[in-house]
Amino acid sequence: METVLSGIRSTGNLHLGNYFGAVRNFVKMQHEYNCYFFIADIHSLTTHPKPDNLHENIKKVLSEYLACGIDPDIATIYIQSDVPEIPQLYLLLNMNAYIGELERTTTFKEKVRKQPENVNAGLLTYPVLMCADIIIHNADKVPVGKDQEQNLEMARKFARRFNHIYGVEYFTLPEPFNFGSDLVKVPGLDGAGKMGKSEGNGIYLIDDPKVIRKKVMQAVTDAGPEKPNSIKPEPIQNLFYLMELVSEENTIRHFDDLYNNCTIRYGDLKKQLAEDIVKFTTPYRERILDIYNDDAYLRRVVSQGAEKARQSASKTLREVREIIGYRSF
Ligand code: ADP
Ligand code: TRP
């Protein structure tokens, strides 16, 4: 069975874009692949979070993924900093990563622009740590968004380089995992573009109904169609697209008919969409809160995940040390 590994940023809550674009697929994937999901809480130190926020964010993200259906008895879900073999492998890989190539990485250059006051070495070697995350379990496939493609390419490069330097075929070269036809792009409600954290237009699974209603009622629309059966402009298309994700088929058909005969009232459509989003997110919100408040459960999940991850990681590290030439006396 192929191994799929996904690293999760430990900042920010899940919005509908994350859910439909990624997490929903992860939940399906865990039955088809040997899956590792981990919270990248060492990477998050590159932006210097406050100690209280660090723990809080990890707990939030973990609760959200579990609430969405990642099953700790099926997949391996763990926290990066619980697996000391990862930073050990990272240290070893750093010896074969060159400053020049690291400086040329897009994500590094972007961070230099964004946080010029904090250009730390961790930012520079971010792709090396990401490589260690991946190859420590010899992952075959890694689902990554557009912004992480280059980092994955670097991981392949470092894995290939290790094999080459030591004349072994030890590490698998990780491929991007493609969701193929399952790939959806969730639009924002601000008229154009995708829903995203940095776009500031997210509808979050944890949002309470009042917040969701307010966000949806503020969605951009237009003056309405003038001719029957006209093509929907992007802001309207986006509302219908969201409906496709959360509403019943006959609701969509109803509003589509109203649009086509020019009697649609966008206020009604938004109200319905808001209720359907609330109906969709409510069970998730409730589960997130339940899990978040269940420290005993979270403790169990985290220690079970760390144990499973360390089993695979320590085997790799042992073999890597052997290949590098560390021998016992
Ligand atoms: P954000 O910063 O907006 O939370 P990320 O880039 O962290 O988004 O997203 C993590 C993953 O969630 C992405 O790799 C992608 O698969 C998915 N994702 C995020 N936004 C969307 C969207 N609007 N539509 C579809 N998928 C999305
Ligand atoms: N860098 C990824 C992000 O920002 C998170 C991440 C860390 C990751 N290590 C990984 C993703 C390993 C995939 C594989 O989204």
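I'll talk through the surroundings of ligand 2 and then one helix, H3.

Quick housekeeping: this is a predicted model, where local features need pLDDT of at least 70, side-chain atom pairs count only at pLDDT 80 or more, and totals for chains, interfaces and linings use all residues. Residues are numbered from 1 along each chain as its sequence is written, chains are lettered from A and ligands numbered from 1 in the order written, and side-chain values use heavy atoms, with hydrogens and water left out.

So, who sits around ligand 2? The residues are Leu5, Gly7, Arg9, Phe38, Ala40, His43, Tyr126, Met130, Asp133, Ile134, Val142 and Gln148, where being around it is having a heavy atom within 4 Å. By class that's 7 nonpolar, 3 polar and 2 charged; Ala, Val, Leu, Ile, Met, Phe, Trp, Tyr, Cys and Pro count as nonpolar, Asp, Glu, Lys and Arg as charged, and the others, Gly among them, as polar. Helix H7 (126–135) and strand E1 (3–8) each supply at least two of them, and H7 gives the most, with 4. Helices here are DSSP runs of H or I, at least four residues, and strands are E runs of at least two.

Now the polar contacts, meaning N or O pairs within 3.5 Å. Arg9 puts a polar side-chain atom 2.7 Å from a ligand oxygen. Ligand nitrogen turns up 2.8 Å from an N or O in the Asp133 side chain, and 2.9 Å from one in Gln148.

Over to H3, residues 85–94: Glu85, Ile86, Leu89, Tyr90, Leu92 and Leu93 are buried, that is, under 20% relative accessible area with a 1.4 Å probe, protein chains only. Down the axis, they fall within an arc of 165°, so they line one face of the helix; the arc uses directions from the helix axis to the C-beta atoms.

Methods:
A polar contact is a pair of N or O atoms within 3.5 Å; within protein, one must be able to donate a hydrogen and the other to accept it, and residues adjacent in sequence count only if both atoms are side-chain atoms. Buried means under 20% relative accessible area, exposed over 50%, partly exposed in between (1.4 Å probe, protein chains only).
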